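Work through the exercises below with the structure open. Each task is followed by a solution in steps.

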Amino acid sequence: MKHHRNLNEIIQQVRQAPLKTPTPTIEGKITRLIGLTIEAVGLQVAVGDNCLIHVSNTQNIEAEVVGFSGDRIYLMPLQPVEGLSAGAKVTPLGAERNVPLGDNLLGRILNGVGEPLDGRGPLNCSDSASLAGEVINPLERHPIDTTLDVGIRAINSLLTVGKGQRLGLFAGSGVGKSVLLGMMTRATEADITIVGLIGERGREVKEFIEHNLGPEGLARSVVVASPADDSPLMRLRASQLTTRIAEYFRAQGKSVLLLMDSLTRYAQAQREIALAIGEPPATKGYPPSVFAKLPKLVERAGNDATGQGSITAFYTVLTEGDDQQDPVADSARAILDGHIVLSRRLAEQGHYPAIDIEASISRAMPQVVPSEHLAAAMRFKQLFSKYQQNADLIAVGAYVRGSDPDTDFAIERMPTLRQFLQQGLHEAMNIEQSLQLMAMALQPAEPPARGNG
């Protein structure tokens, strides 16, 4: 009887126990690889999901779902695909993985997926979140109404930046974008600096950290680096990670300086991905998705709600062949709050920083500076423009003095105006000092003292 009771108890326990059905592992397989695109079948995944491709017993490649056609899934790898063969197994990893966030990021150098590159061990961050930030209601954003000192007197006085503004540095290659970015990194007043080095030369990463940031600057900065030899997906993620980290510190009420070098490489990475999955080119080889993604990235910067933090962003934009009508440059100019154009002509003359004052503008300047400052800046630009309009006549001696008082005054003050616009690599000047020096540059030269006899 006892044995019978034990058997009944066991049967009762089995009936009451929850039914545990083993979860099946869904695997697909690689069917095709063309260029950057990997095609797989047999997967139930969504765009943006991550997958793991099993190349060998010791090698796996992480990839992201970037598109589909029927039962074919298009994957874009994060790592090199050497050794990949047809029939390789693909395992879904689920939605986009979270990236580490927290104060422990300060002083660290990361790659595009948030892994440390500096050899200083794990990040040990307290928080994590997805790469996609929250969309801020435009009516809740605090207006740009406070000046931000960037340490460059030409910008402080003539192209004044407001806290929460987004500006572009437009230039061709080798004109000094990265150098100017480094000068602003050292001098700009901000609680935290987030630097994204996207698609640039690998050697520039270490140079920027050692020469531009230095140990003191790095201590209050986070650097995300994805050099030119990284996959386009890694460069795309690095741009998004740079912005996501800046958003995290802005949510804590911090004043954040975001520097991204360059926005053009972000657009080119998206172009490579879009063309690889068959999207047709529309404007000079750029598919429409490029111009859809640019504002989504840039609009994440700026001010938060009143009383909260801010992200002041500087994006470098490479104008290929010094063409200011390059599609990416043209699109960026429309969505940014101002642009600073660097001139190759000035750089060839040894004029640094090579800022073309006539072609540059800060759209937020009228809202953040007093009327006296604005009037002085307009006067400076008018004199500079007057001289440039008559430069050819002045050079050959055909200009007759007395023809135009403003041109006469511009000729007199031009050496001083040019000297004002130039600045040493390790020199910094705040807004107040910049205004005083600009006022002196606009004053008429004192006539030479006459002798007594």
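## Exercise 1: Tyr 352 and its loop

Tyr 352 touches Val 175, Ala 347, Leu 421, Gln 422 and Gln 423, leaving aside residues up to four places away in sequence. The model is a predicted one.

**Task.** Place Tyr 352 in the fold, classify its exposure, and describe the peptide bond to Pro 353.

**Solution.**
- Step 1. Find the element. Tyr 352 sits in the loop between helix H9 (344–348) and strand E19 (361–362).
- Step 2. Check Pro 353. This residue is in the loop between H9 and E19 too.
- Step 3. Classify the exposure. Partly exposed covers the range between under 20% and over 50%. Tyr 352 has 40% relative accessibility, so it counts as partly exposed.
- Step 4. Read omega. The bond joining Tyr 352 and Pro 353 is cis, with omega about -10°.
- Step 5. Set this against the general rule. Most peptide bonds are trans.
- Step 6. Take one distance. Tyr 352 and Met 438 are separated by 86 residues in sequence and by 17 Å in space, C-alpha to C-alpha.

## Exercise 2: Unusual backbone angles

**Task.** Where is the cis bond that involves Ser 262, and which phi does Asn 124 have?

**Solution.**
- Step 1. Start with Ser 262. The peptide bond from Asp 261 to Ser 262 is cis, and its omega is near 10°.
- Step 2. Locate the residue. Ser 262 lies in the loop between strand E15 (255–261) and helix H6 (263–276).
- Step 3. Turn to Asn 124. Its phi is positive, about 55°, although Asn 124 is not a glycine.
- Step 4. Recall the background. Most residues other than glycine have a negative phi.
- Step 5. Locate Asn 124. It belongs to the loop between strand E8 (109–110) and strand E9 (127–129).
- Step 6. Classify it. Asn 124 has 58% relative accessibility, so it counts as exposed.

## Exercise 3: Helices H5 and H6

**Task.** Compare the span of each helix, H5 and H6, with its expected value. Then describe burial in each.

**Solution.**
- Step 1. Take H5. It runs over residues 232–251, has 20 residues and reaches 29 Å from first C-alpha to last. That is close to the 28 Å expected.
- Step 2. Take H6. It has 14 residues and reaches 20 Å, close to the 20 Å expected.
- Step 3. Judge burial in H5. Of its 20 residues, 19 are buried, so H5 is largely enclosed by the rest of the structure.
- Step 4. Judge burial in H6. Its buried residues include Leu 263, Tyr 266, Ala 267, Gln 270, Ile 273 and Ala 274.
- Step 5. Apply helix geometry. An α-helix has 3.6 residues a turn, so residues three or four places apart point the same way.
- Step 6. Look past the ends. Just after H5, Gly 253 has a positive phi of about 85°. Just after H6, Gly 278 has a positive phi of about 100°.

## Exercise 4: Two arginines

**Task.** Are Arg 244 and Arg 166 buried or exposed, and which residues do they touch?

**Solution.**
- Step 1. Assign elements. Arg 244 is in helix H5. Arg 166 is in strand E12 (residues 166–171).
- Step 2. Apply the cut-off. Buried means under 20% relative accessible area. Arg 244, at 15%, counts as buried. Arg 166, at 9%, is buried.
- Step 3. List contacts of Arg 244. Beyond four places in sequence, it touches Leu 101, Ala 129, Ser 130, Leu 131, Ala 132, Gly 133 and Arg 300.
- Step 4. List contacts of Arg 166. With the same kind of neighbours left out, among them are Val 298, Glu 299, Tyr 315, Ile 335 and Asp 337.
- Step 5. Add a distance. Arg 166 and Ile 335 are 169 residues apart in sequence and 8.9 Å apart in space, C-alpha to C-alpha.

## Exercise 5: The whole chain

**Task.** What do the radius of gyration and the globule rule say about the protein chain?

**Solution.**
- Step 1. Count elements. The chain has 14 helices and 19 strands.
- Step 2. Compare radii. The radius of gyration is 28 Å, well over the 22 Å from the globule rule for 453 residues, so the chain is more spread out than a compact globule.
- Step 3. Read the box. Along the principal axes, the C-alpha atoms fill roughly 140 × 45 × 40 Å.
- Step 4. Check burial. Buried residues make up 49% of the 453 residues.
- Step 5. Check the surface. About 22100 Å² is exposed, and carbon and sulfur atoms supply 52% of it.

Key: Residues numbered from 1 in each chain as written. Predicted model: local features only at pLDDT ≥ 70, side-chain atom pairs only at ≥ 80, totals over all residues. Heavy atoms only, no water. Helix = DSSP H or I, 4+ residues; strand = E, 2+ residues; numbered from the N terminus. Rg over C-alpha atoms; globule rule 2.2 N^0.38 Å. Buried < 20%, exposed > 50% of the residue type's maximum accessible area, 1.4 Å probe, protein only. Areas by Shrake-Rupley, 256 points an atom, 1.4 Å probe, with all protein chains shown as cover. Expected span 1.5 Å × (residues − 1). Contact = heavy atoms within 4.5 Å.
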